[in-house]
Amino acid sequence: VCRGWSPLKMLTIKLANRHAKLLLKSSSVVLPYLKYTSSNSPPSGYETAKGSIVDSFPTSIQPYLKLNRLDRPIGYWLLFWPCSWSIGLAATAGKFPSLSTLALFGCGSIVMRGAGCTINDLWDKDFDKEVFRTASRPIASGDVTPTQALVFLAGQLTVGLGILLTLNNYSIVLGAASVPLIILYPLMKRYTFWPQVMLGLTFNWGALLGYAAVKGYCDWSVCLPLYAACLSWTLLYDTIYAFQDATDDHRLGLKSTALLFNDSAKTWLSIFATTMSSSLLLAGLSGGLTWPYYTGVGIVASHLAWQIYSVNLKDPVDCSEKFRSNSHIGIILLLSIVTAMLIKS
(Lines give C-alpha, C1' and ligand atoms only; values in the text may rest on other atoms or scores of the structure.)
Protein backbone atom coordinates (compact mmCIF):
# COMPACT_ATOMS: atom_id res chain seq x y z
CA VAL A 1 0.00 0.00 0.00
CA CYS A 2 2.83 2.39 0.89
CA ARG A 3 4.89 1.62 -2.27
CA GLY A 4 5.95 4.82 -4.02
CA TRP A 5 5.22 7.09 -1.04
CA SER A 6 7.92 9.66 -0.27
CA PRO A 7 9.85 9.47 3.03
CA LEU A 8 8.40 12.85 4.04
CA LYS A 9 4.84 11.57 3.57
CA MET A 10 5.60 8.45 5.60
CA LEU A 11 7.09 10.55 8.40
CA THR A 12 4.05 12.81 8.42
CA ILE A 13 1.69 9.83 8.78
CA LYS A 14 3.76 8.34 11.61
CA LEU A 15 3.76 11.65 13.50
CA ALA A 16 0.00 12.04 13.00
CA ASN A 17 -0.65 8.53 14.33
CA ARG A 18 1.55 9.16 17.35
CA HIS A 19 -0.22 12.46 18.07
CA ALA A 20 -3.64 10.78 17.80
CA LYS A 21 -2.60 8.09 20.29
CA LEU A 22 -1.41 10.72 22.75
CA LEU A 23 -4.71 12.60 22.45
CA LEU A 24 -6.72 9.45 23.07
CA LYS A 25 -4.59 8.60 26.06
CA SER A 26 -4.89 12.06 27.57
CA SER A 27 -8.66 12.25 27.01
CA SER A 28 -9.14 8.99 28.89
CA VAL A 29 -7.39 10.17 32.04
CA VAL A 30 -8.62 13.75 32.32
CA LEU A 31 -11.46 12.78 34.63
CA PRO A 32 -10.90 9.22 35.83
CA TYR A 33 -14.15 9.11 37.78
CA LEU A 34 -16.12 9.18 34.49
CA LYS A 35 -16.70 6.01 32.52
CA TYR A 36 -17.31 7.82 29.24
CA THR A 37 -14.50 9.48 27.34
CA SER A 38 -14.70 11.34 24.06
CA SER A 39 -14.78 8.94 21.15
CA ASN A 40 -16.56 8.17 17.90
CA SER A 41 -18.62 5.42 19.54
CA PRO A 42 -20.88 6.47 22.43
CA PRO A 43 -22.26 4.08 25.05
CA SER A 44 -25.32 2.14 23.98
CA GLY A 45 -28.44 4.30 24.11
CA TYR A 46 -26.48 7.48 24.66
CA GLU A 47 -28.62 10.56 23.99
CA THR A 48 -30.44 9.00 21.07
CA ALA A 49 -33.54 10.47 19.48
CA LYS A 50 -34.59 7.71 17.10
CA GLY A 51 -38.03 7.80 15.56
CA SER A 52 -38.77 11.35 16.67
CA ILE A 53 -41.64 13.41 15.31
CA VAL A 54 -39.14 15.36 13.22
CA ASP A 55 -38.71 12.37 10.90
CA SER A 56 -42.30 12.74 9.69
CA PHE A 57 -41.67 16.22 8.25
CA PRO A 58 -40.12 17.08 4.86
CA THR A 59 -36.36 16.73 4.90
CA SER A 60 -35.92 20.38 3.87
CA ILE A 61 -37.27 21.66 7.19
CA GLN A 62 -35.98 18.92 9.48
CA PRO A 63 -32.73 20.78 10.30
CA TYR A 64 -34.73 23.78 11.54
CA LEU A 65 -37.01 21.59 13.64
CA LYS A 66 -33.92 19.99 15.16
CA LEU A 67 -32.45 23.44 15.74
CA ASN A 68 -35.67 24.17 17.64
CA ARG A 69 -35.12 20.83 19.50
CA LEU A 70 -38.47 19.44 18.45
CA ASP A 71 -36.81 16.02 18.57
CA ARG A 72 -35.95 16.54 22.27
CA PRO A 73 -39.11 17.92 23.93
CA ILE A 74 -37.91 17.54 27.54
CA GLY A 75 -36.61 21.12 27.39
CA TYR A 76 -40.07 22.44 26.54
CA TRP A 77 -41.51 20.73 29.59
CA LEU A 78 -38.80 21.92 31.94
CA LEU A 79 -39.42 25.47 30.75
CA PHE A 80 -43.20 25.12 30.95
CA TRP A 81 -43.59 23.60 34.40
CA PRO A 82 -42.47 26.66 36.42
CA CYS A 83 -44.87 28.76 34.32
CA SER A 84 -47.73 26.36 35.06
CA TRP A 85 -46.96 26.28 38.79
CA SER A 86 -47.03 30.07 38.90
CA ILE A 87 -50.28 30.25 36.93
CA GLY A 88 -51.79 27.67 39.27
CA LEU A 89 -50.76 29.62 42.36
CA ALA A 90 -52.35 32.76 40.91
CA ALA A 91 -55.69 31.05 40.24
CA THR A 92 -58.83 32.06 42.11
CA ALA A 93 -59.57 29.86 45.12
CA GLY A 94 -62.04 27.12 44.25
CA LYS A 95 -61.41 27.38 40.50
CA PHE A 96 -59.18 25.76 37.91
CA PRO A 97 -56.33 27.81 36.50
CA SER A 98 -56.98 29.48 33.16
CA LEU A 99 -56.58 26.85 30.44
CA SER A 100 -56.08 29.55 27.80
CA THR A 101 -53.22 31.05 29.81
CA LEU A 102 -51.65 27.63 30.27
CA ALA A 103 -51.94 26.98 26.52
CA LEU A 104 -50.43 30.37 25.73
CA PHE A 105 -47.45 29.69 27.98
CA GLY A 106 -47.14 26.22 26.49
CA CYS A 107 -46.75 27.75 23.03
CA GLY A 108 -44.36 30.34 24.44
CA SER A 109 -42.25 27.61 26.01
CA ILE A 110 -41.83 25.87 22.65
CA VAL A 111 -40.95 29.07 20.83
CA MET A 112 -38.61 30.60 23.41
CA ARG A 113 -36.85 27.38 24.29
CA GLY A 114 -36.22 26.98 20.58
CA ALA A 115 -34.89 30.54 20.35
CA GLY A 116 -32.60 29.89 23.28
CA CYS A 117 -31.27 26.76 21.58
CA THR A 118 -30.62 28.67 18.36
CA ILE A 119 -28.67 31.33 20.26
CA ASN A 120 -26.79 28.64 22.16
CA ASP A 121 -25.88 26.76 18.98
CA LEU A 122 -24.68 29.93 17.28
CA TRP A 123 -22.36 30.71 20.19
CA ASP A 124 -21.18 27.11 20.58
CA LYS A 125 -20.94 25.89 16.99
CA ASP A 126 -17.16 25.39 17.16
CA PHE A 127 -17.34 23.58 20.51
CA ASP A 128 -20.27 21.44 19.39
CA LYS A 129 -18.18 20.04 16.53
CA GLU A 130 -15.73 18.58 19.07
CA VAL A 131 -18.29 16.72 21.23
CA PHE A 132 -20.00 13.52 20.08
CA ARG A 133 -23.33 14.37 21.70
CA THR A 134 -23.58 17.75 19.97
CA ALA A 135 -21.66 17.24 16.72
CA SER A 136 -24.84 16.42 14.80
CA ARG A 137 -26.60 19.67 15.76
CA PRO A 138 -27.68 21.50 12.60
CA ILE A 139 -25.26 24.44 12.77
CA ALA A 140 -22.28 22.36 13.92
CA SER A 141 -22.90 19.78 11.19
CA GLY A 142 -23.39 22.39 8.48
CA ASP A 143 -27.03 21.54 7.77
CA VAL A 144 -27.92 25.12 8.72
CA THR A 145 -25.56 28.03 8.10
CA PRO A 146 -25.10 30.77 10.74
CA THR A 147 -26.88 33.23 8.43
CA GLN A 148 -29.83 30.89 8.01
CA ALA A 149 -29.90 30.37 11.78
CA LEU A 150 -30.02 34.12 12.38
CA VAL A 151 -32.98 34.47 10.01
CA PHE A 152 -34.69 31.58 11.77
CA LEU A 153 -33.93 33.17 15.15
CA ALA A 154 -35.53 36.42 13.99
CA GLY A 155 -38.67 34.46 13.19
CA GLN A 156 -38.65 32.70 16.56
CA LEU A 157 -38.24 35.97 18.45
CA THR A 158 -40.99 37.61 16.40
CA VAL A 159 -43.42 34.83 17.31
CA GLY A 160 -42.29 35.04 20.93
CA LEU A 161 -42.87 38.79 20.96
CA GLY A 162 -46.32 38.28 19.51
CA ILE A 163 -47.20 35.92 22.36
CA LEU A 164 -45.76 38.32 24.95
CA LEU A 165 -47.78 41.24 23.59
CA THR A 166 -51.03 39.41 24.34
CA LEU A 167 -50.27 39.77 28.07
CA ASN A 168 -50.82 42.76 30.36
CA ASN A 169 -48.34 45.66 30.44
CA TYR A 170 -46.68 44.51 33.67
CA SER A 171 -46.01 41.10 32.13
CA ILE A 172 -44.70 42.59 28.89
CA VAL A 173 -42.04 44.59 30.76
CA LEU A 174 -41.23 41.64 33.00
CA GLY A 175 -40.93 39.27 30.03
CA ALA A 176 -38.72 41.66 28.06
CA ALA A 177 -36.36 41.85 31.04
CA SER A 178 -35.40 38.21 30.50
CA VAL A 179 -33.96 38.74 27.00
CA PRO A 180 -30.42 39.69 28.16
CA LEU A 181 -30.30 36.51 30.24
CA ILE A 182 -31.28 34.41 27.22
CA ILE A 183 -28.51 35.95 25.13
CA LEU A 184 -25.77 35.79 27.78
CA TYR A 185 -26.35 32.33 29.23
CA PRO A 186 -24.42 30.37 26.54
CA LEU A 187 -21.31 32.45 27.25
CA MET A 188 -21.19 31.68 30.96
CA LYS A 189 -19.52 28.27 30.64
CA ARG A 190 -16.51 30.02 29.19
CA TYR A 191 -15.97 32.14 32.31
CA THR A 192 -17.50 30.49 35.37
CA PHE A 193 -18.00 27.03 36.86
CA TRP A 194 -21.57 28.12 37.70
CA PRO A 195 -23.27 28.51 34.28
CA GLN A 196 -26.17 26.53 35.73
CA VAL A 197 -27.03 29.55 37.91
CA MET A 198 -27.51 31.72 34.83
CA LEU A 199 -29.50 28.92 33.21
CA GLY A 200 -31.71 28.70 36.29
CA LEU A 201 -32.31 32.45 36.39
CA THR A 202 -33.22 32.40 32.69
CA PHE A 203 -35.11 29.14 32.37
CA ASN A 204 -37.40 29.78 35.34
CA TRP A 205 -38.47 33.33 34.52
CA GLY A 206 -41.91 31.86 33.95
CA ALA A 207 -42.22 31.35 37.72
CA LEU A 208 -42.59 35.13 37.87
CA LEU A 209 -44.23 35.76 34.53
CA GLY A 210 -47.03 33.22 34.91
CA TYR A 211 -48.29 34.82 38.11
CA ALA A 212 -48.03 38.30 36.61
CA ALA A 213 -49.97 37.22 33.51
CA VAL A 214 -52.92 36.21 35.70
CA LYS A 215 -52.84 38.90 38.38
CA GLY A 216 -51.18 41.83 36.65
CA TYR A 217 -48.52 41.94 39.36
CA CYS A 218 -46.21 39.63 41.31
CA ASP A 219 -46.94 38.69 44.91
CA TRP A 220 -43.27 38.48 45.85
CA SER A 221 -44.00 36.54 49.05
CA VAL A 222 -45.16 33.70 46.79
CA CYS A 223 -43.19 34.29 43.59
CA LEU A 224 -39.71 34.71 45.06
CA PRO A 225 -39.77 31.43 47.03
CA LEU A 226 -41.15 29.69 43.94
CA TYR A 227 -38.40 31.22 41.80
CA ALA A 228 -35.77 30.12 44.33
CA ALA A 229 -37.20 26.59 44.30
CA CYS A 230 -37.07 26.48 40.50
CA LEU A 231 -33.51 27.82 40.47
CA SER A 232 -32.43 25.08 42.89
CA TRP A 233 -34.24 22.51 40.76
CA THR A 234 -32.35 23.62 37.65
CA LEU A 235 -29.04 23.47 39.52
CA LEU A 236 -29.86 19.88 40.42
CA TYR A 237 -31.06 18.52 37.09
CA ASP A 238 -28.59 20.44 34.94
CA THR A 239 -25.64 19.36 37.07
CA ILE A 240 -26.70 15.76 36.42
CA TYR A 241 -27.07 16.63 32.74
CA ALA A 242 -23.61 18.26 32.65
CA PHE A 243 -21.92 15.04 33.76
CA GLN A 244 -22.63 13.67 30.28
CA ASP A 245 -20.12 16.13 28.81
CA ALA A 246 -17.69 16.56 31.71
CA THR A 247 -14.71 14.98 29.96
CA ASP A 248 -15.27 16.92 26.75
CA ASP A 249 -15.89 20.18 28.65
CA HIS A 250 -12.60 19.74 30.50
CA ARG A 251 -10.77 19.00 27.25
CA LEU A 252 -12.25 22.09 25.55
CA GLY A 253 -11.64 24.41 28.49
CA LEU A 254 -15.34 24.86 29.29
CA LYS A 255 -16.74 24.98 32.81
CA SER A 256 -19.73 23.51 34.66
CA THR A 257 -20.90 22.58 38.12
CA ALA A 258 -20.18 18.94 37.22
CA LEU A 259 -16.49 19.76 36.88
CA LEU A 260 -16.53 21.97 39.95
CA PHE A 261 -18.24 19.47 42.26
CA ASN A 262 -16.57 16.32 40.96
CA ASP A 263 -16.70 13.61 43.64
CA SER A 264 -18.71 15.82 46.03
CA ALA A 265 -21.52 16.25 43.49
CA LYS A 266 -24.11 14.23 45.40
CA THR A 267 -23.60 16.38 48.50
CA TRP A 268 -24.29 19.49 46.42
CA LEU A 269 -27.27 17.84 44.75
CA SER A 270 -28.68 17.13 48.21
CA ILE A 271 -28.27 20.80 49.15
CA PHE A 272 -30.15 21.86 46.01
CA ALA A 273 -32.93 19.34 46.69
CA THR A 274 -33.30 20.57 50.27
CA THR A 275 -33.38 24.18 49.15
CA MET A 276 -36.00 23.43 46.51
CA SER A 277 -38.26 21.57 48.96
CA SER A 278 -37.92 24.25 51.64
CA SER A 279 -38.64 27.04 49.17
CA LEU A 280 -41.71 25.23 47.88
CA LEU A 281 -42.99 24.91 51.42
CA LEU A 282 -42.45 28.64 51.98
CA ALA A 283 -44.29 29.49 48.75
CA GLY A 284 -47.21 27.31 49.86
CA LEU A 285 -47.37 28.89 53.30
CA SER A 286 -47.27 32.39 51.80
CA GLY A 287 -50.04 31.47 49.38
CA GLY A 288 -52.20 29.84 52.04
CA LEU A 289 -52.36 26.51 50.24
CA THR A 290 -54.04 23.42 51.60
CA TRP A 291 -52.85 19.89 52.37
CA PRO A 292 -52.78 18.46 48.79
CA TYR A 293 -50.01 20.89 47.96
CA TYR A 294 -47.82 19.75 50.83
CA THR A 295 -48.47 16.14 49.91
CA GLY A 296 -47.22 16.96 46.44
CA VAL A 297 -44.13 18.67 47.82
CA GLY A 298 -43.41 15.54 49.85
CA ILE A 299 -43.64 13.38 46.71
CA VAL A 300 -41.39 15.81 44.85
CA ALA A 301 -38.82 15.64 47.66
CA SER A 302 -38.93 11.85 47.51
CA HIS A 303 -38.39 11.92 43.76
CA LEU A 304 -35.39 14.20 44.16
CA ALA A 305 -33.96 11.91 46.82
CA TRP A 306 -34.41 8.93 44.50
CA GLN A 307 -32.59 10.73 41.70
CA ILE A 308 -29.64 11.64 43.90
CA TYR A 309 -29.35 8.21 45.49
CA SER A 310 -29.70 6.18 42.31
CA VAL A 311 -27.98 8.25 39.64
CA ASN A 312 -24.66 6.92 38.41
CA LEU A 313 -22.76 10.07 37.56
CA LYS A 314 -20.13 7.97 35.76
CA ASP A 315 -22.74 6.72 33.29
CA PRO A 316 -23.98 9.31 30.74
CA VAL A 317 -26.92 7.10 29.79
CA ASP A 318 -28.18 7.05 33.38
CA CYS A 319 -27.54 10.78 33.75
CA SER A 320 -29.68 11.41 30.68
CA GLU A 321 -32.48 9.20 32.02
CA LYS A 322 -32.49 10.89 35.43
CA PHE A 323 -32.45 14.30 33.80
CA ARG A 324 -35.54 13.46 31.72
CA SER A 325 -37.34 12.06 34.76
CA ASN A 326 -37.62 15.59 36.13
CA SER A 327 -40.68 16.14 33.96
CA HIS A 328 -42.49 13.85 36.42
CA ILE A 329 -41.83 16.43 39.12
CA GLY A 330 -43.52 19.05 36.97
CA ILE A 331 -46.82 17.24 36.59
CA ILE A 332 -46.84 16.07 40.23
CA LEU A 333 -46.46 19.59 41.58
CA LEU A 334 -48.94 21.10 39.09
CA LEU A 335 -51.63 18.59 40.06
CA SER A 336 -51.01 19.24 43.76
CA ILE A 337 -51.28 23.01 43.23
CA VAL A 338 -54.50 22.74 41.23
CA THR A 339 -56.08 20.38 43.79
CA ALA A 340 -55.03 22.60 46.70
CA MET A 341 -56.48 25.70 45.04
CA LEU A 342 -59.75 23.92 44.24
CA ILE A 343 -60.42 23.09 47.91
CA LYS A 344 -59.04 26.37 49.23
CA SER A 345 -61.73 28.46 50.88
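Let me begin with the surface: the accessible surface of the chain comes to about 16300 Å², and carbon and sulfur atoms account for 66% of that area. Please keep in mind throughout that this is a predicted model. The chain has 345 residues, of which 50% are buried, and its secondary structure consists of 17 helices with zero strands. If we take the contacts in the chain with a separation of 6 or more, 75% of them join residues that lie 24 or more positions apart.

I would like to turn now to helix H14, which runs over residues 265–287 and contains Trp268. H14 has 23 residues, which at 1.5 Å a residue should span 33 Å, and since its end C-alpha atoms are 33 Å apart, the expected and modelled lengths agree. Just after H14 comes Gly288, which takes a positive phi of about 65 degrees.

Which residues of H14 are buried? They are Ala265, Leu269, Phe272, Ala273, Met276, Ser277, Ser279, Leu280, Ala283, Gly284 and Gly287. Among the elements that cover these buried residues are helix H3 (74–89), helix H11 (220–242), helix H13 (257–261), helix H15 (291–310) and helix H17 (326–342).

Trp268, by contrast, counts as partly exposed, because its relative accessibility is 31%. Together with Phe193, Trp194, Leu260 and Ile271, Trp268 makes a nonpolar surface patch of about 410 Å².

Moving inward, the largest nonpolar core holds 69 residues, and the members that touch the most other members are Trp85, Trp233, Met276, Leu280 and Tyr293. The helix that gives the most to this core is H11, with 14 residues. To look at one of those members in detail, and leaving aside residues up to four places away in sequence, Trp233 touches Leu78, Trp81, Pro82, Trp85, Met276, Leu304, Asn326 and Ile329. There is also a second, separate core of nine residues, and Ala115, Ile119, Ile139 and Val144 are included in it.

I will finish with a charged residue, Arg137, which is placed in the loop between helix H4 (99–128) and helix H5 (138–141). Is Arg137 buried or exposed? Arg137 counts as buried, because its relative accessibility is 15%, and the cut-off for buried is under 20%. Again not counting residues up to four places away in sequence, Arg137 touches Arg69, Asn120, Asp121, Asp128 and Tyr241.

Conventions:
Residues are numbered from 1 along each chain as its sequence is written. This is a predicted model: local features need pLDDT of at least 70, side-chain atom pairs count only at pLDDT 80 or more; totals for chains, interfaces and linings use all residues. Side-chain values use heavy atoms; hydrogens and water are left out. Patches are made of residues with over 30% relative accessible area and no salt bridge: like charges are joined within 9 Å, nonpolar side chains (Val, Leu, Ile, Met, Phe, Trp, Tyr) within 5 Å. Accessible areas come from the Shrake-Rupley method with a 1.4 Å probe; for residues, only the protein chains shown count as cover. A salt bridge is a side-chain nitrogen of Lys or Arg within 4 Å of a carboxyl oxygen of Asp or Glu. Helices (H or I, at least four residues) and strands (E, at least two) are DSSP runs, numbered from the N terminus. Buried means under 20% relative accessible area, exposed over 50%, partly exposed in between (1.4 Å probe, protein chains only). The expected span of a helix is 1.5 Å times one less than its number of residues. Contact means heavy atoms within 4.5 Å. A nonpolar core is a set of buried Ala, Val, Leu, Ile, Met, Phe, Trp, Tyr and Cys residues joined through side-chain atoms within 4.5 Å.
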